[in-house]
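Please examine the structure shown below together with its sequence. The paragraphs that follow lead through its strands, its nonpolar cores and its charged pairs.

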Amino acid sequence: MSEQPFATNSDASDTPDATDVDVIVVGAGLAGLVAARSVQQAGRSVRVLEARDRVGGRLLSQRIGGEMLDLGGQWIGPGQERIAQLARDLGVKTFPQFHQGRKVLAINGRRSTYRNTVPSLPVLSLIDLQLAITRVERLARQIPLATPGWAKRASEWDAMTLEDWKRAHVRSQDARAVLDGAVRAIFAAEPAELSFLFFLAYLHSSGGLMKLAEIEHGAQQDRFVGGAQQIPQRLAEELGERVVLKAPVTAITQDDTGVTVHSERGAYRAQYVIVATPPLLTKDITFTPALPTARQQLMAAMPMGSIIKCVAVYDRPFWRERGFSGEILSDDAPFAVTFDDSPAEGGQGALVAFLLGESARTWRERSAGERRAAVLDHITRAFGAAAAEPLAYVEQDWIGEQWSKGCYVGIMGPGTLTAYGAALREPAGRIYWAGTETAIVGQGYMDGAVESGERTAREVQADVARP
């Protein structure tokens, strides 16, 4: 279990009038807690209802081998100023992600090492890869941030998958394999599962493909000392009794004067509601009156990415002694990528491996022991025999997590963005939508979660203040 620094409030009353507040927030992930804090700081009353027995949502830190390590989101990079400022405000420090040394590339049956951001490939394959990156970066900048469905070629690009585009524009098998690995690492999905328009819009939202793939100057540049879950935990400490855990929301009913939110901890009454969960999870809530058709269709058409995150802990980061960075990019292992996951201070070493997309779905049908053996076998091939016997080994299957149903983010296949994308942020009466999926900037990242929480809080406060 993660370390939880605050106590939950007492059982809720079953009488809605007993718990009247201005705003109810559904979900105590980063977006929901940021929204609640903003509402509370504006002088309005707020209640947060969380289905889990903890706060943090897709942020989860756990003590493994004596150190707090992340089993959920963990990185922050340049340009992500909202989450950076929030962390500073809450006293959570960062440290650089270790990346010095040789990286391992295992694709198309070959194994090699490289030191730069772009893997060492045969010259024609490298040119092909660089051309592909340049093209998608250029196309991504053509997508309007807030309204990607208004792009000139939106219908054309939304009708195809990223796999379709790749097959038409990337000829080298090596370049295709590297691009596939990057896509899996960023989306926890296969290129065939992503609308090309959604792919481009997502890249533009967070600064481009290279920024999302890189460590130095990229989205994986820094980590949080003590784990990322400290941020929602400290937000929850500030909110105190306003946060209700183990309160899955089952129904939301609107009328002319407000909203009643029904949960397993009781019924609550408010003027407005902010739902800060992935769109897929809102399918489990009964809405009365029914949500607009576009919103219903969006919830059904936006699955989560597929990921199992595995952490192996050692007595020291021995791979560094052999000149390795801890990074592996592979298409023949259960995992797509690994990184050095060692804590900020010296001593203990750790590696994190990501089973992503189709591989995650396939390997979760195998036993935990088989997954562990396969992951450690491939890490041992890359870094030597010392990798075979970790002091501790933990995995987090986000696909099977009831209140996430996957990670990192909800994704869109062909046709979804142009048909239903406008419903992502469009309020439904007194119901507003938050969560990193709804972010204009930083979509899919902690920064996007903060952006969405701040945005919906502003929108709701404006309505609460309206006579």
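A suitable place to begin is I76, which stands opposite D222 in strand β9. This is a predicted model, in which local features need pLDDT of at least 70 and side-chain atom pairs count only at pLDDT 80 or more, while totals for chains, interfaces and linings use all residues. Residues are numbered from 1 along each chain as its sequence is written, and side-chain values use heavy atoms, with hydrogens and water left out.

Strand β5 and strand β9 (residues 222–224) pair in the antiparallel sense over two bridges. Two strands are said to pair if DSSP finds at least two bridges between them; the strands themselves (E, at least two residues) and the helices (H or I, at least four residues) are DSSP runs, numbered from the N terminus. The pair belongs to an open sheet of three strands in the order β5-β9-β6, with antiparallel pairing. Its edge strands are β5 (75–76) and β6 (94–96), each of which pairs on one side only.

Another set of strands is found further along the chain. Strand β16 (residues 324–330) and β17 run antiparallel and are joined by two bridges. A hairpin of six residues leads from β16 to β17, and the bridge partner of I328 in β17 is T338. Strand β17 also runs antiparallel to strand β18 (residues 349–356), to which four bridges join it; here D340 stands opposite L351 in β18. In a regular strand the side chains alternate between the two faces of the sheet. In strand β17 (residues 337–340), V337 and F339 point one way and T338 and D340 the other way, and all are buried. Buried means under 20% relative accessible area, exposed means over 50%, and partly exposed lies in between (1.4 Å probe, protein chains only).

Strand β19 (residues 392–397) contains Q396. Is Q396 buried or exposed? Q396 counts as buried because its relative accessibility is 15%. Leaving aside its neighbours within four places in sequence, Q396 is in contact with L60, L71, I307, I308, K309 and E401, where contact means heavy atoms within 4.5 Å.

The nonpolar interior comes next. In soluble globular proteins, nonpolar side chains tend to be buried together. A nonpolar core is a set of buried Ala, Val, Leu, Ile, Met, Phe, Trp, Tyr and Cys residues joined through side-chain atoms within 4.5 Å. The largest such core has 69 residues, and those with the most contacts inside it are W165, F187, F196, F199 and L200. Helix α7 (residues 196–205) gives the most to this core, with eight residues. A second, separate core of 40 residues includes V25, L30, A36 and L86.

Helix α7 is mostly covered, as nine of its ten residues are buried. These buried residues pack against α3 (123–140), α4 (154–158), α5 (162–169), α6 (173–187), α8 (209–213) and α14 (416–420). Within α7, F196 touches V136, L139, W157, M160, T161, L162 and W165, not counting residues up to four places away in sequence. At the N-terminal end of α7, S195 acts as a cap: one of its side-chain oxygens lies 3.1 Å from the backbone nitrogen of L197. After the helix comes G207, whose phi is positive, near 100°.

Charged residues complete the picture. Side chains of opposite charge can pair when their charged atoms come close. A salt bridge is a side-chain nitrogen of Lys or Arg within 4 Å of a carboxyl oxygen of Asp or Glu, and the structure holds 27 of them. One joins the side chains of E437 and R58 (2.8 Å, N to O). E437 lies in the loop between β20 (431–433) and α15 (446–465), and R58 in the loop between β2 (46–49) and β3 (61–64), so the pair ties together parts that are 379 residues apart in sequence. E437 counts as buried, at 1% relative accessibility, and R58 is buried as well, at 18%.

Other salt bridges lie within a helix. R167 forms one with E163, the closest N and O atoms being 2.7 Å apart. Because R167 and E163 are four residues apart in helix α5, about one helical turn separates them. R167 is exposed at 53% relative accessibility, whereas E163 is buried at 13%. In helix α15, E459 and R455 are likewise four residues apart, so they are separated by about one helical turn, and their side chains meet in a salt bridge (3.6 Å, N to O). E459 is partly exposed at 28%, while R455 is buried at 7%. Salt bridges that share partners also join E163, K166, R167 and D180 into one network.

Notes
Polar contact = N/O pair within 3.5 Å; in protein donor to acceptor, adjacent residues only side chain to side chain.
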